[in-house]
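Open your viewer and keep the selection panel handy. We will walk through a few stops together, one selection at a time.

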Amino acid sequence: MQARWPALLSRLCAGVLGGYAAAAVFAVWLSYVLPMPRADAVATGVLISFALYAGVIVYAFAAHSLRRLWFGVLGFTGFFALAALALRPAGAGW
Amino acid sequence: MKGAFRQSMGWLHTWTGLLVGWVLFFMFLTGTAGYFDTEIDSWMQPERPIVQNAMTATAAVDAGRQYLESNAPNAARWFIAVPSHRFPELRLFWRMSPDADGKRGRTGRARLDPETAAPLNYRDTGGGQLLYSMHWRLHYMPVRAAEWIVGVCTMFMLIAIVTGVIIHKRIFRDFFTLRFAKGQRSWLDAHNVLSVLALPFHLMITYSGLIFIAYVYMTPVITASYGTAADAQDSFFNELLRRTDGASPSGVAADLMPLRPMVLEAERQWGEGRVRFVEIRHPGDRDASVRIGHEWASPVRRPPTLTFNGANGELLRASDGIYSTPLAVRDVLLGLHEGLFAGPVLRWLYFLSGVMGTAMIGAGMILWTVKRRAKKGDAFGFKLVERLNVGTLAGLPVAVAAYFWANRLIPVDVAGRVAWEGHTMFIVWGVMLAHAFIRPSARAWVEQLWLAAAAFGLIPVLNGLTTDKHLGVTLPAGVWELAGVDLTMFAFGAAFAFAAIVLGRRGKTLKSGACHPGESRGPGPQARSRLDATAHGALDSGIRRNDGPIEGREVVRPNDRP
Amino acid sequence: MTALNIIAAILCAFAGLGALAMAMARHARDVFGRTPERRTAWSLRIFGMVMLCAAYAFSVYAWGPKVGPVGWFGVLSAAALAVVTILAVKTPAGR
C-alpha cells in the first residue's frame with residue numbers, strides 16, 4: 001500500500017466510521033425484517049454487526065480505488081438506511 | 001492483483017497490530033491469569049483454611065438464610081452461592097430495595113466459613129479478581145472509558161486475525177514449521193505457529209470479547225426499535241430475557257417458605273451437588289420467588305433453573321436456560337470466553353491457549369522491530385517501539401510478579417492495601433518502562449528478563465517465608481490449587497531465566513566477535529527457549545544487532561542475508 | 001474414567017498431528033532423513049485424520065457432548081504445540 005496520507009486517511013474514515021455506520025444500519029434493517037420477537041431480532045442484528053464491521057474495515061484497505069470504496073460503503077449504508085426507514089414499525093424511536 | 005491485495009492486507013495487519021499491540025498484550029496477559037482467578041484468590045489469602053469437604057447445598061441455604069435474615073432483612077434480593085470444590089466458602093450477596101427516587105439499592109456481600117458458618121475475616125486483597133478484571137476494566141479509569149478503549153483494541157485484534165489469515169501464504173504447509181536461529185524467519189515462524197495452532201481460541205476470544213460490550217457499541221440498534229426513553233434499554237433486556245416476575249413486590253407480608261425442600265427438589269431433578277445458587281427475590285413478601293440455578297455444566301452461560309413461589313413453596317416453572325436462539329448464541333460465546341464451566345484439565349488448556357495468544361502478540365511486536373532494524377534502526381519511531389517492547393513484554397510480567405510480592409509484603413492491617421497492591425503493579429511497570437528508555441535496549445532486555453526470572457522464581461520462597469501455605473505443606477497435602485500457583489510461578493521464573501541466559505550469552509559472543517550467532521551453532525539452548533519462554537524467548541538477532549551501534553561498531557547481520 | 005479419556009484424547013491428538021507432520025516432506029526429512037513415498041504419505045494422512053477423529057470421540061466421552069468439542073480444540077492446540085516443539089528441536093540448525 002502506498003502510504004500517501006490523504007488516501008490513507010480516506011480509507012481509514014471509510015473503514016472505521018463508514019464501517020460502523022454500515023454495520024449499525026444493516027443491523028437495524030435486520031432487526032426490522034427478521035421474523036421473530038423484536039428483542040430477539042435486535043439481539044441477532046447486534047451479534048452479526050461486528051462481523052460486518054470487520055469486513056468493511058478489511059474491504060476499505062482492499063478496495064482498488066477510493067471512489068469505488070466510498071461509493072460502496074455509502075451506497076450500502078444508504079440503501080439499508082432507506083429500507084429500514086421504510087420498514088420502521090410504529091413507535092420506533094425515529 | 002492478488003499480490004497487491006495481499007500487500008495491502010499485510011500493511012493493515014502490521015499497523016493495526018502495532019498500534020494496539022501493547023494494550024492487547026496487557027489484556028491477554030491479565031486475562032490469561034484470570035482463568036486461574038479463584039486459585040490466585042486463595043493463594044492471596046493464605047489465612048483461609050484448607051477445606052476438604054464442601055458444604056452441602058441444604059446446609060448452605062439454611063446457614064445463608066439465617067445470616068441474611070439477621071443482616072439484610074429488608075433486601076429486595078438475596079443470593080446464596082452454594083460452596084463447591086473450586087469455591088469452598090459460602091458466599092452471600094444482597095441488594096436492598098430501590099430508594100424513594102428510584103436509585104438502585106445498595107448491595108452487600110459476605111463470606112462464611114463452610115464448616116462453622118461464622119463470618120470470615122481474611123486479609124484484604126485484590127486477588128485474582130483484580131488481575132482478571134484489569135483485562136477488560138483496565139485500571140485508573142471509569143468503566144465506560146475502559147470499555148471503549150478495550151472495544152477498539154478488540155476490534156483491531158479481529159482485523160489483525162482476519163488479515164493475518166489472509167496474508168499467511170502457507171497456513172497448512174507451515175502448520176508445524178518453527179525454525180530456530182534464523183533471525184527474522186524464526187520470529188515469523190513463532191508468530192505464525194502461535195497464531196495458527198490456537199486460531200479457534202483467538203477468534204473465539206476476540207469475537208466474544210466484542211459481544212460482551214456489543215450493547216454499548218451498538219446502542220443505536222436498540223434505540224431504533226425501543227426509542228430513546230430512559231427505560232428503553234431496560235425494556236429491551238426484559239423482553240430479551242423474558243423477565244415477567246419480580247418487578248415489584250406486592251407490599252403484603254408473607255413468611256418465606258423453608259428453602260430446604262426446594263433445594264431437595266432441585267437435587268432430585270439434577271442430581272446431588274448440582275445446585276450452584278439460590279436466589280430469593282422479595283423475601284418476606286407475598287410475591288417472593290426462589291430461583292435455584294444449576295452448576296456450570298456447559299458453555300451456555302445461563303444455567304437451567306427452577307423457580308418456586310416463595311410464599312407457598314409451589315414450583316412455578318423449570319427453565320433450561322435457553323430462551324431464544326440469539327440469546328443462546330450470545331450466552332455460548334460469552335460462556336466460552338469465560339470458561340467457567342471448565343474443569344481442571346480444560347482450565348489448563350484455556351490457560352495454555354491464553355499464554356499462546358500472549359506470546360503470539362509478543363512475537364509479532366518483536367518481529368516488527370527485527371524486520372526494520374537494519375533500515376530504520378536509528379529512527380525515532382523504531383526506538384520508541386523497541387523501548388516500549390522491552391518495558392511491556394518483559395516489564396509487564398515483572399510488574400505482575402510484583403503484584404504477587406505486594407500481596408505478601410504489604411502488612412495485613414494497612415489501610416487501603418488493596419489499592420496499594422494495584423499501585424505496586426503499575427509503579428513497577430512504570431519503572432520498567434523508564435528503565436527500558438534509559439538503558440541500551442540490548443542490556444535492558446537481559447536485565448529485565450533476569451528481574452522477571454527472579455521475581456517469579458522466588459515467589460514460592462517468599463510464600464514459604466511469609467505463610468504456612470507453602471509448597472512444603474501444600475504438596476504433601478495435595479492442595480493443587482495452591483501448589484499449582486507456586487509451581488506455575490516457578491516455571492515462569494525458569495523460563496525467563498532461560499531466555500535471559502540465551503540472550504546474555506549471545507550478546508557476549510557477539511562482542512568477542514567469535515562467530516555469527518545462530519548461523520554456525522547447532523540447535524543449542526537457544527533452540528529450546530522460544531516456546532517455553534513465550535514471547536520473551538531468545539530475542540535472537542534483535543539483541544545482537546543492537547549491540548553494534550552501542551559498542552560503536554558495525555556488526556554483520558545474519559538476517560539481512562538473502 | 002474422565003481422566004483416562006482425557007489422556008487418550010491427548011495421545012490420539014498427538015499421534016494424529018504427528019502423523020500428519022510426518023506426511024510432509026520437510027518434517028519427515030528432518031526426523032528420518034528422507035521424504036516419505038507417496039503411498040506412505042497418504043497412509044500417514046489417513047491415519048492422522050482417524051486419530052484426530054478418535055481424539056474428538058474421547059473428548060466427548062470425557063467431557064460430554066456440550067463441553068467435549070471445546071475440550072477437543074484445546075487438546076488439539078496443546079498436542080500441536082508439542083509436535084511443533086519436538087520438530088523444532090529436531091530440525092538441524094539453519095534449515
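Select B:Tyr140 to begin, bearing in mind that this is a predicted model. Is B:Tyr140 buried or exposed? Only residues with 12 or fewer other C-beta atoms within 10 Å count as exposed, and B:Tyr140 has 9 such neighbours inside 10 Å, so it counts as exposed. Now look at the backbone around B:Tyr140: the residue sits in the loop that links helix 4 (127-137) to helix 5 (143-167) of chain B. Its phi is positive, about 60°, although B:Tyr140 is not a glycine.

Next, select B:His282. Here too you will find a positive phi in a residue other than glycine, this time near 50°. B:His282 belongs to the loop between strand 4 (275-281) and strand 5 (289-294) of chain B. What about its surroundings? The threshold for a buried residue is 20 or more other C-beta atoms within 10 Å; B:His282 has 25 of them, so it is buried.

Now bring up chain A on its own. Chain A has 3 helices and 0 strands, so to speak a plain α-α-α order when read from the N terminus. Its C-alpha trace spans about 50 × 20 × 20 Å along the principal axes. Of the 94 residues in chain A, 45% count as buried. If you display contacts within chain A at a separation of 6 or more, 71% of them join residues 24 or more positions apart.

Add chain B back and colour the residues where it meets chain A. On this interface, 33 residues of chain B are in contact with 25 residues of chain A. Which elements of chain B should you highlight on that side? Those giving two or more residues are helix 1 (2-34), helix 5, helix 7 (199-212), helix 8 (214-217), helix 9 (219-226), helix 10 (232-240) and helix 12 (325-338) of chain B. Helix 9 of chain B gives the largest share, 7 residues. Colour this side of chain B by class and you get 23 nonpolar, 8 polar and 2 charged residues.

For the last stop, select chain C together with chain B. Here 25 residues of chain C are in contact with 29 residues of chain B. On the chain C side, helix 1 (2-22) and helix 3 (38-90) each supply at least two residues. Helix 3 of chain C provides the largest share, 18 residues. By class, the side of chain C that touches chain B holds 16 nonpolar, 7 polar and 2 charged residues.

Terms used
Residues are numbered from 1 along each chain as its sequence is written. Chains are lettered from A and ligands numbered from 1 in the order in which they are written. This is a predicted model: local features need pLDDT of at least 70, side-chain atom pairs count only at pLDDT 80 or more; totals for chains, interfaces and linings use all residues. Two residues are in contact if their C-beta atoms, placed from the backbone, lie within 7 Å. Helices (H or I, at least four residues) and strands (E, at least two) are DSSP runs, numbered from the N terminus. Ala, Val, Leu, Ile, Met, Phe, Trp, Tyr, Cys and Pro count as nonpolar, Asp, Glu, Lys and Arg as charged, and the others, Gly among them, as polar.
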